[in-house]
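Trainee: Please take me closely through one part of this model, and then place that part among the other features that deserve attention. I should be grateful if each term were explained when it first appears.

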Amino acid sequence: MSGRTMARQVLVLFFSLVSFSSVRAQVTYSVPEEMPRGSVVGNIAQDLGLEIKRLKSGKARIYTTDSAEHIELNRDRGLLLIKEKIDREALCGQTTPCALHFQIILENPMEFYSVTVELTDINDNPPYFKIDEMRFKISESAVPGAIFVLEIAEDPDVGMNGLQSYSLHPTDHFTLKLQKQTDGSNMVEMVLQKSLDRENKEQMTLVLTALDGGDPQLTGTAQIHVTVLDVNDNAPVFTQKVYKTSITENTAIGTAVIKVSANDADEGSNSKISYSIKNTAGIISKLFDIGHNGELKILGNIDYERFHHYEIHVQATDEGGLTDRCKIEVDIADINDNSPVINIMSKLNMIPEDSKPGTVITMINVQDPDSGENGKVYCTLNENMPFTLKSTSNNFFSLVTDLNLDRERDSEYNISIKCADEGVPSLSSSITIPIQITDVNDNAPVFEKSSYEASVLENNTPGLSIFRINARDADQNQNARVSYLLEDSSVNGVSVSSYVSVMADSGVVQAVRSFDYEQIKEFRFCVRAQDGGSPPLSSNVTVRIIIQDQNDNAPQILYPVQTGGSPVAEMVPRSADVGYLVTKVVAVDVDSGQNAWLSYKLLKVADRALFEVGAQNGEIRTIRQVTDKDAVKQKLTVVVEDNGQSPRSATVTVNVAVADSFPELLSDLTDFTQDKLHNEDLTFYLIFALAAVSFLFIMSLIAIISVKCYRWRRERLFYKSGANLPVIPYYPPLYADVGGTATLQHTYNYDVCRTTDSRKSDMNFLKPSSQSFMTLDSSETQTLPHVHGERLTHEELQDQQKPPSADWRFPQNQRPGPSGQIQFQSTYLKWIPTRRAAATPEVAVGTGPWPNPPTEAEQLQALMAAANEVSEATNTLGPGTMGLSTRYSPQFTLQHVPDYRQNVYIPGSTATLTANPQQQLLQQQQQQQLAPQQALPPPQPLATQPEPPKAAQTPASKKKSTKKEKK
C-alpha cells in the first residue's frame, strides 16, 4: 500500500450558525482507503483555526455514534490519524460517496465541530464471478441473434476501479452484448452469431473475461460450456418485462411479494419453464427467493434504513435451454420502528452561579434512523428550570442556562430531558442530568455615578490631581477591596495612559502631561473598578475630561505676509478720497472664545491724521484727503491684540506708497530696500559694540580677581613668617630747624613691636595733629611751611596743607601744654624696605600745621608718657596688644616735656588711655590763666573721637594719587 500513489484532498467548509455558537465549523477531508495505521488525515487544529493549547485545555476528543472508531485525534500535534486500516468496501459496499461522520468535542467553553472523512476507492479488488463455470444447452436450430444471458461479474470497487467491460474468446459463433440498466449496471448477453451444427461440434468452451478501469487493470474470468442440443425453437416469454411492487420494512420472512409468469409455445418437455434470480450481486440473494411457480418471497429482514429500493432480475428457462428475462422493482416503505437515541456528547457536573444566560452545560446528540415524520425529533425539559435546550444543528442540542443562577436559592438541579419523534405512534426516550451550582464572588463594584465629568485648564502642571472617582462593593473583606485601573484606549491615535493616570488605591485621576486646548478640547476614557475576589469582578465608568482654554497663543498675521525679501508696498493714489481702503490686515488666533476676539490699532505711524485702522475688521483707510505734502513713503505698524485675560499681541508693518504712477512706486520700493539695508548695517554695529563691551567687562573681572588673589597670597606669606617680624626701619626726623635757632639738633626714631598673630602688615597709632615739616620764624608771629628743596615744591605743599589748628595764634610760652585741646589722629604705618623709607617716609601728617613746633623736650615728654601708659595698659589688657618703646638722646630731660597722654589709642585693643584726673585739672587751670592774653577769638572745639583708620595703599592707589597730584 505504501508504494501506491495516494492523493489526499482537504476541503474545509466554514458556515455560520444563527441559532447557537457551540457549532462553529464543519470540516471535510478526503483520503484513500487502506491507508496504514498512523497516517495523517489532516491538521484539524489548523483547519479549524484552533491553537494546540486550546485542544489540550478543552480536552478535545472524538465523538461518534458508531461503536468502531477508525480515526483518532492527536491533541499534542493537532492531527487526525488513521487508527486502523479502513476497507471502503467493507464499510460502505457500493454506496458512494463513502464517508465517516464524527464530531470534535471541546470543553471550557463547550464547543463541538463536525468532521466528515470521505473515503476514496483504490483498485484493490479484481472483478470476479460467483459462478466461474456456466453451462448452456443450445439447440442446433437456434437462429443467429439468439440471446443467452450470462452471469455478471462483481467488483467491490466503485467508479473507474469498478467493473467496466467484458470480453469473450473465441468469437467464432458468439459475440457479447452489454445492455445498460437503470441502476447503472450492465446486463451481459451472449448473442449467437453463427448457426450451430451439433453433428459438426457438439461441445464448445468459451472464456468470459471481466475487466475493471483501474491502473493497473485487474481482470476476472469464467468458463462457458455450450452443449448443442436438438431443436427447441420457442423460447419462454414473460408477460411483463418490468414488475413493480412495494412492501413495508420489517415484513415477515416468507411473505410473498409478487408473482411473475412466462409462457412457452412449445409442448412437452420443451414447454416446462423454471425461474431463477440472476443478479446475485449484493444482498438480494439473501433477502429474496423465487419459486418454480414464479412467486417472489422474502428470505431475510427488510430494513428501510439500509436500502430503500431493490431491483431483481428474474430469468425463465425452458427445457430446451431457451430463456427470457424480466425485472422486478421493489420499493420499501418506512415505519416508525425506532425510538430516539440520546447520546451525551459532553457535560458539566458543576457550574458557577455567575454563569451568564446561554452558558452551555451539556451537549447531546439524538439519533432516529427513521425517515420523514418518523425521524423528526423534538426534546423538552421539565418545568420551572432556569435552563433551556437549543438546537444547534440537525439532531444536535445544547443545554444552556436561560436565567441568572443563584446558589443561595437553589444549589442543585436534576434536569430531565425527554426526546420524542413525530411518528404515529410517537416513540420517545429520556435521561436525567444532575447539575450543582458553585458559589462565586458575584457582586461587582458599583460607581457612585454613571459617568464622571471634570474640567482642567490647559498648560497645567504634569502630575496635577484633577478629581477623584469612587466605587463601592457590596461584598466583604478581600472581595470588597476596590482597585482602579485605566482601561487601554486611544485618544487621537495616542494611548490614553499618556494623558492621564489613575491611582490604583484612591481613584484619584492625575494629569500625566500638560494639556493644550488647541490640540485637544476634550477626551473620554474608561476606568475599571476591580475587587479583590477570585476571580475578580469589575465595572467600568466613562470619564470625560474637558480642557478649558487659556490665552496662550498670540494672534497670527495672515496678511500682509512678512517675508525676508523686498518689501511690498500698498499703493495709494494721491487722488484718494476720505475712507479709501488701503489694505486689510488679516489675523487669526487659534484660541477660542474671548481669547480669540481680535482688535486692531495703529502702534506706529508717520502721520496719524492720514490713516486709521478698523478696530474690529483690520481695514486700513484714509481719514482725510491725500495731498501733495504727504510723504511718498508711509510705514504703518499695526498691532493685533486678543481679548484674553492676559492679552497677547502681534505686530505687522505695512508699507504704503503714495504715488499715482508705477515708476514712482518702483522708486519708492527701492528706497525701502536701501532703508532696510541701512537698518541691517546698524544692527550689525550694535551687535559688535555689545560684544566689545562684554569682552571688556570680562577682562575687568579677570583683572580684579587677579589682584585679589595676589593680595591674598601676600597676606598668606606674611602670616607664615611667624615670629620673624621685621623691625620698622629708621625714619629721618620729621622736624627740621631752618630758622637757625638750633633747637632741634638731634634726631629720634620709633620702635614698633607687634604680636605674631596679627596677620596684618599695617598698624595705626594716634599722635597729635601736626605738620610733618614745620619752621618757625624769629618773630613768632607767623608760620611758613618749608620742605626740603629736593623733596617738595611750594605747589605740592599747598596741596597737602590742611586748615591750621586754633592754637597757632598763641606764642610758645602761652600755648596750652598738656591742658590744651589736642586732637589725636590715626597715623597709618606700613612696613617697607629701608631704602624706600629713607627716601619717602610713609608717616601721615595731622589735620593742620603748628605755627610754633614743640620743642624736643616736649616731644620726648609726650612719647615717654605714652610709653608709660602703654606699659601700664599692657599689664591689664593681657596678650594681643602692641607695646611701644621710645629711643631718645641723653641730652633730653623730662622736666620740660608736656603731658600728651590725654587720649592714646592702642592698636589691636579696645582700650583708650587717657590722662590722670590731676593732670587734666592742672591743664584746665593753665588755660583759664592764659585766656585773657589771647588776642584772637577762642578756637572752635574739635571732635575728640579719633578718625577711623585709613586703608592701606596699594600700588594702584599710589598711581592714582600721583596722577591727581600731576593734575
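Mentor: Helices (H or I, at least four residues) and strands (E, at least two) are DSSP runs, numbered from the N terminus. With that in mind, we begin at Ile705, which is placed in helix H5, residues 662-720. The model is a predicted one, in which local features need pLDDT of at least 70 and side-chain atom pairs pLDDT 80 or more, while totals for chains, interfaces and linings use all residues. Residues are numbered from 1 along each chain as its sequence is written, and side-chain values use heavy atoms, without hydrogens and water.

Ile705 has a relative accessibility of 52%, and therefore counts as exposed (buried is under 20% relative accessible area, exposed over 50%, partly exposed in between, with a 1.4 Å probe and protein chains only). Ile705 also belongs to a nonpolar surface patch of about 810 Å². The other members of this patch are Phe695, Leu696, Phe697, Ile698, Met699, Leu701 and Ile702. A patch takes residues with over 30% relative accessible area and no salt bridge, joining like charges within 9 Å and nonpolar side chains (Val, Leu, Ile, Met, Phe, Trp, Tyr) within 5 Å. The areas come from the Shrake-Rupley method with a 1.4 Å probe, and for residues only the protein chains shown count as cover.

The whole protein gives this patch its setting. The protein exposes about 53,900 Å², and carbon and sulfur atoms supply 51% of that area. Of its 967 residues, 39% count as buried. Its secondary structure comes to 10 helices and 60 strands.

Strand S34, residues 451-457, shows how burial can vary along a strand. Its side chains alternate: Tyr452, Ala454 and Val456 point to one face and are buried. Ser451, Glu453, Ser455 and Leu457 point to the other face and are not buried. S34 runs parallel to strand S43, residues 538-548, and 7 bridges join the two (strands pair if DSSP finds at least two bridges between them). Ser451 of S34 has Thr542 of S43 as its bridge partner.

Between S34 and strand S35 (465-468) there is a loop that contains Asn459. Asn459 is not a glycine, yet its phi is positive, at about 60 degrees. With 39% relative accessibility, Asn459 counts as partly exposed. Asn250 likewise has a positive phi, near 65 degrees, and is a residue other than glycine. Asn250 is found in the loop between strand S17 (242-248) and strand S18 (256-259), and its relative accessible area of 37% makes it partly exposed.

Most residues other than glycine have a negative phi, and most peptide bonds are trans. Two peptide bonds of the backbone may therefore be examined next to these residues. Thr96 and Pro97 are joined by a cis peptide bond with omega of about -5 degrees. Pro97 lies in the loop between helix H3 (88-92) and strand S7 (98-106). Tyr559 and Pro560 are also joined by a cis peptide bond, with omega of about 0 degrees. The loop that holds Pro560 runs between strand S44 (556-559) and strand S45 (569-572).

We return to S43 by way of its charged side chains. Glu522 and Arg544 meet in a salt bridge, at 2.5 Å from N to O (a side-chain nitrogen of Lys or Arg within 4 Å of a carboxyl oxygen of Asp or Glu). This pair links distant parts of the chain, since Glu522 is in strand S42 (residues 522-530) and Arg544 is in S43, 22 residues apart. Glu522 is partly exposed at 33% relative accessibility, and Arg544 is partly exposed with a relative accessible area of 22%.

The structure holds 22 salt bridges. One of them joins Glu189 and Arg325, whose closest N and O atoms are 3.4 Å apart. Glu189 lies in strand S13 (residues 186-192) and Arg325 in strand S24 (residues 323-333), so this pair ties together parts that are 136 residues apart in sequence. Both partners are buried: Glu189 has a relative accessible area of 3%, and Arg325 has one of 18%. Another salt bridge is formed by the side chains of Glu295 and Lys297, at 3.8 Å from N to O. Here Glu295 is partly exposed at 23% relative accessibility, and Lys297 is partly exposed at 37%. Finally, Arg88, Glu89 and Asp121 are linked in a network of salt bridges.
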